[in-house]
Structures are given as structure tokens and as C-alpha cells.
Amino acid sequence: MNDIRTTPPRPADVATVFPQLAPLARPATRLHPRPGSPSPHDSSVGGPLLWPADEPWPYCEDESHGALADEWNEGPVAMVPVVQLYVRDVPLLRPPGQADLLQVLWCPFEHEPDYKPPTALFWRSAAEVTDILAAPPEPSAVEYDGYVPEPCVVAPEQITEYPNYLDLRRELQQQLDDRSRWQAAGVDNHYALAPHEFYWCELSVAPGWKVGGWPPWGLTDPVARFCAACGVGMVPLLTVASGEWDSSNHGWVPYEDQHLAALGTGDVANPPAVQVSRGNHLQLYVCPESPDHPHTDLIQ
Ligand SMILES: [Zn+2]
Ligand SMILES: [Zn+2]
């Protein structure tokens, strides 16, 4: 972690205009992955993991790889590092016990029935890793390059998020779409045709890779996630994004990147070059009751 990224202040304090939103504020940590050469001792996206030399590397055992790529791939596929986060860099993480490091890997193939890459999540205590695996196995094939992140350092930044518009009650949605409410509060809502888009695009959910916060719905309506072990509602852990900005959300571009964003929205907006199901996001959820309960994920 050697850089700083600063999200500009939101153009309006939405919880002042709509006090019902105040209790729904959630902290999130934007990761801002940027090109670099992280070491196993750094938080990273697509970087080398602090992986114990004496611990087996995770492989995806699913049999459907053969159907997708039967000529050049048979058998289990070595999983690929997606993100490694030290709690010292992302205090928002809530690790179990003595753990202070989160590692997430995925299989670089989309799997049926929902065509997403299976993920594996590991918590560990960095101090317990004395011998680091020097040459982790690499997959013999991948679905496409967007499932092998380019190595990036991260610049964690804590922000506040509010629920995606689709997560709100109908009554509140209607208020957000009522121009007179914004005017009464003295807020310049420049989304002439649909005032709620000001909330959606600029005031609620940050784009890009992040820990915590609120999920970025839009591909589907919100779908609540419940723990398979205990039934409680699960909470967002990590958003893996296929880009950090596009034309709809330029207001979230950090000050430090605004010269880059002026160049466009292609590669510069997506340093890890990750493409989840060709342009969507992968959202990982965990059980708030126990880290031993299985995580889940979905494409958005
Ligand atoms: Zn697989
Ligand atoms: Zn649970």
C-alpha cells in the first residue's frame, strides 16, 4: 500500500435531505487497485499471496471444466489469487480469532448453473506463515483473461454508503424522485428527467472494488442472502468489480485519478483488467454470526 486515493465529497448530504436514510448509512472501504508490484506482505489485487509452503494450494475440483475446454484442460484447476487484504490496511474487516489477513481466490472458469467463478475464502494469521510458497501453481487454462487479475497495489479509503435505490421502500423511492423535496432542501439536483438518478449515481453506492457497504444492484432486483448454516441475513464482504468508473459515475473518481478519467473509461478505469461475466460485479457475502459458516456470492 503506497498510494492514497481520495473520493471527492458527495455533492449533497442525502441523510440531511431524507432523514430516513441516516440509520441506513454503512461504512465501506474502497480499495482503488492500481498497477504495481505487490509482495506477499502487501495487500493487493491479483498479487502474490502469503501462502504457507506446507499448505496445499486450492484447486477447483468441479468436473465442468472438461466440457468447456476439453482439449487443453482436464482435471482440477489451480485457483487464482483475486485479493489479499491485511486488517491493518482495511480495519473494517472482522476477522475470526487471531486472524489478520483475508485471502480470496477463484476458479478462472464460469460454472453452471449461474455462470460465475467459484470463490474460496481464507482467513489466516500472518505471523504464523514463516515459509511462504514460492511458486504457486497456475491454471492450465482459463475461461478468458478477465479472470486473471493484473497485479495491483491497493489504496484503501473509508467512505459512507447508503442503500442502492432498489433496496429502498417504495415510499422513499417516490420521495427521492420528487424534485420539490430536493429543492426544498436547497440541493441542486441536475438530473432533470429522473431526480432519483442523482441519488443512484452520486449519493448511494460507490463503484469499484470495495469491502463492506451496500450491494450494487441493477442487473437484477435485490435478492436477500441468507446463511445456509443458521439462516440469518448475510452481509456484504467484498465487491469484485469489472471497472471503477464509467460515464454514469464520474463523480466518484478520486481526485488523484481525475486526469486519467478525462482520458476515458476503458483500461484506465480498470487497472486489474478483471471482467466478471463480461462486465458485471461479483459480490461476496458472509454470515455476521460466525466466520465458520460458508460464504456465498452472486453476480451483479
Ligand atoms: Zn472450476
Ligand atoms: Zn450463519
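A disulfide is a pair of cysteine sulfur atoms within 2.5 Å. The model is predicted: local features need pLDDT of at least 70, side-chain atom pairs count only at pLDDT 80 or more, and totals for chains, interfaces and linings use all residues. Residues are numbered from 1 along each chain as its sequence is written, and side-chain values use heavy atoms, with hydrogens and water left out.

**Exercise 1. Determine how many disulfides the rule yields, and classify cysteine 107 and cysteine 201 as buried or exposed.**

Step 1. Under the rule, the count is zero disulfides.

Step 2. Accessibility classes are set as follows: buried is under 20% relative accessible area, exposed is over 50%, and partly exposed lies in between (1.4 Å probe, protein chains only).

Step 3. Cysteine 107 has 0% relative accessibility and is therefore buried. Cysteine 201, with a relative accessible area of 14%, is also buried.

**Exercise 2. Identify the residues that coordinate the zinc ion (ligand 2) and state the geometry.**

Step 1. Donors are N, O and S atoms within 2.8 Å of the metal (3.2 Å for Na, K and Ca); water is not among the atoms, so sites may look incomplete.

Step 2. Cys227 (SG), Cys230 (SG), Cys287 (SG) and His293 (ND1) coordinate the zinc ion (ligand 2) at 2.1 to 2.4 Å. Their spacing in sequence is C-x2-C-x56-C-x5-H.

Step 3. Cysteine 230 belongs to the loop between β11 (210-212) and β12 (235-240), and cysteine 287 to the loop between β13 (282-286) and β14 (296-299), so this pair ties together parts 57 residues apart in sequence. Strands here are DSSP runs (E, at least two residues), and helices are runs of H or I with at least four, numbered from the N terminus.

Step 4. Cysteine 230 is partly exposed at 36% relative accessible area, whereas cysteine 287 is buried at 7%.

Step 5. Four donors count as tetrahedral if all angles lie between 85 and 135 degrees. The angles at the zinc ion (ligand 2) are 105 to 114°, so the arrangement is tetrahedral.

**Exercise 3. Describe the sheet of six strands and name its edges.**

Step 1. Two strands pair if DSSP finds at least two bridges between them.

Step 2. The open sheet has the order β10-β1-β11-β12-β13-β14, with antiparallel pairing.

Step 3. The edges are β10 (157-161) and β14; each has a single partner strand, so one side of each lacks a neighbour in the sheet.

Step 4. β13 and β14 pair over four bridges in the antiparallel sense; leucine 282 has isoleucine 299 in β14 as its bridge partner.

Key. Chains are lettered from A and ligands numbered from 1 in the order in which they are written. Four donors count as tetrahedral if all angles lie between 85 and 135 degrees; four count as square planar and six as octahedral if opposite donors are over 155 degrees apart and all others between 65 and 115; anything else is irregular.
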